[in-house]
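Me: I should like to learn how to read the domains, the chain interface and the strand pairing of a model. May we take them one at a time?

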Amino acid sequence: MTGTSRERVYLDTNVILDWVARRSDSKGSTGVGGLIGAICSNGLDAVVSDIARLEVMECKADPTMWRAWTSLRARRNVQVAGCTRAVMDRAAEIRNHYQAVKDADPSAKRAPSTPDAIHVATALIFDCQTMYSFDEGRKAKDLSPLDMSPLVMGKYPLKIIRPDQGDFAAFNL
Amino acid sequence: MAEPKTTFEFALAALGDDEGDVSLSDFRKEVAAVEAALEAVDEDLHGRPQVDWIVKDLHHSQPTLQLAGYPLADASSGDGAAERVLATFFGGLEGLARGQDNGQLGNAALTAVKKLAEPVGRTLKKASLIWEESAVAVDIEFRAALAKVQFLTEARPEDWEGMLEEVNVHVVKPTFRLYPAAGPRWITCEFDRSDLEKVRAAITKKVFVEGRALYRPQARFPHRIIVDTLNTVTGDPDDLIRLGGASPSEDHLEKLASARHDWH
């Protein structure tokens with residue numbers, strides 16, 4: 001009953017989109033390239049939410065994106081996690097917590113959007129140690145997943161960082 | 001290693017004249033059952049085990065173990081994980097001793113408790129578990145109460161994916177185990193015997209099942225799925241690495257952020 005577990009990471013939809021769409025960051029052991037490389041060499045286990053399928057096809061509906069999604073899903077070390085009751089309950093808890101913070105302090109950022117809350121909740125329910133996400137394009141007044149790190153709601157440990165803040169050399173087997 | 005805040009005691013008594021004459025086989029099985037129960041509760045509460053149980057003391061006249069819980073090296077759940085595990089474990093045991101399922105124990109922990117009670121009345125008189133003010137005797141009365149418990153489950157229509165392994169056809173309803181890459185260690189999937197060839201063809205492959213997922217109260221994952229449909233996950237897993245930058249775009253992150261913003 002001792003020992004350490006394999007590193008398990010959560011991929012926000014924007015990381016999957018960025019891998020397919022950003023040519024400049026497709027090599028090396030850092031950034032999105034390093035992260036995807038570590039997953040493809042089975043150095044890391046990864047979890048993505050079922051709503052990522054909707055989001056990737058909504059934002060980049062082309063055959064290449066669909067190939068990327070089906071390839072990701074076909075990997076043995078990748079779990080596409082459904083929006084189960086446990087995930088939805090945790091997402092509601094996250095939204096309600098940060099809405100209460102906003103109600104108490106009008107200068108605080110707005111509660112996370114429902115999809116953001118679902119992504120963070122899925123990472124927590126599936127016990128990921130790290131969630132990779134971007135916050136480009138967000139309005140500064142909206143709370144992003146990155147703002148919730150390292151303790152979501154002040155009680156659930158989850159490191160949420162940008163891929164360029166990770167070093168995946170040790171996981172690129 | 002810091003001193004633990006709490007320890008608990010686990011003692012065995014054999015049937016017969018000398019309660020101390022516990023067989024090695026019973027001792028081994030009972031320790032394994034307690035270990036499995038504690039680990040299952042730990043996983044149910046924290047997602048993955050956080051506590052390493054250390055033997056702090058051993059008594060030989062009546063086989064007794066004193067155990068203390070320490071955080072594992074990669075524990076992330078903060079202080080008090082061992083206390084939470086013991087509180088849930090003893091809470092569940094106390095309910096079962098009264099013939100009630102209070103829903104505190106998940107399926108794997110319940111299975112371990114049933115194994116703990118198996119030798120009782122045959123070769124073992126009782127297993128005593130003591131933690132702070134809680135004391136539970138797994139004895140013949142406990143077994144009788146356990147046999148009457150109506151276990152609570154909830155069924156939800158869901159789909160899950162994972163590796164299909166360990167097909168068992170030597171039961172009324174054939175089953176296989178689904179091993180997801182994350183989440184529960186496995187889910188027992190019950191399928192219709194008419195699908196046996198389809199299941200056999202999918203052994204060691206990644207599959208996608210839809211059906212009725214059975215949950216214990218408060219469980220974050222199902223322990224069983226009554227399968228309606230089963231399909232092999234298609235796609236080339238090695239394709240992903242080749243697709244970096246394959247379809248360039250400048251505004252993909254902004255589009256996603258905008259779509260999410262509309263959910264506010």
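Me: How many Å separate the centres of domain 1 of chain B and domain 2 of chain B?

Reply: In this predicted model, the two centres, taken over C-alpha atoms, are 33 Å apart. Domain 1 of chain B spans 7–147, and domain 2 spans 154–261.

Me: How many residues of domain 1 of chain B are in contact with domain 2 of chain B?

Reply: Domain 1 of chain B contributes 4 residues, which are in contact with 5 residues of domain 2 of chain B. On the domain 1 side there are 3 polar residues, 1 charged residue and no nonpolar ones.

Me: How should the interface between chains be read, and which elements of chain B touch chain A?

Reply: The size of an interface is often expressed as the accessible area lost when the parts come together. Here residue contacts are counted instead: 50 residues of chain B are in contact with 61 residues of chain A. On the chain B side, two or more residues come from each of helix 1 (24–46), strand 2 (51–59), strand 6 (154–168) and helix 6 (252–261). Helix 6 of chain B supplies the largest share, 10 residues. By class, this side has 21 nonpolar, 16 charged and 13 polar residues.

Me: In what order do the 5 strands of the barrel in chain B close?

Reply: Strands of a sheet pair through backbone hydrogen bonds, in a parallel or antiparallel manner. In chain B the barrel closes in the order 6-7-8-10-9, with mixed pairing. From one strand to the next, the twist averages 55°.

Me: Do strand 7 and strand 8 of chain B run parallel or antiparallel?

Reply: Strand 7 (residues 175–179) and strand 8 (residues 187–190) of chain B run antiparallel and are joined by 4 bridges. Leu178(B) has Ile187(B), in strand 8, as its bridge partner.

How values were computed: Residues are numbered from 1 along each chain as its sequence is written. Chains are lettered from A and ligands numbered from 1 in the order in which they are written. This is a predicted model: local features need pLDDT of at least 70, side-chain atom pairs count only at pLDDT 80 or more; totals for chains, interfaces and linings use all residues. Two residues are in contact if their C-beta atoms, placed from the backbone, lie within 7 Å. Ala, Val, Leu, Ile, Met, Phe, Trp, Tyr, Cys and Pro count as nonpolar, Asp, Glu, Lys and Arg as charged, and the others, Gly among them, as polar. Domain bounds come from an automatic or database domain assignment. Two strands pair if DSSP finds at least two bridges between them. Axes are lines fitted to C-alpha atoms, for helices over the stretch in contact, and angles run from 0 to 180 degrees between N-to-C directions.
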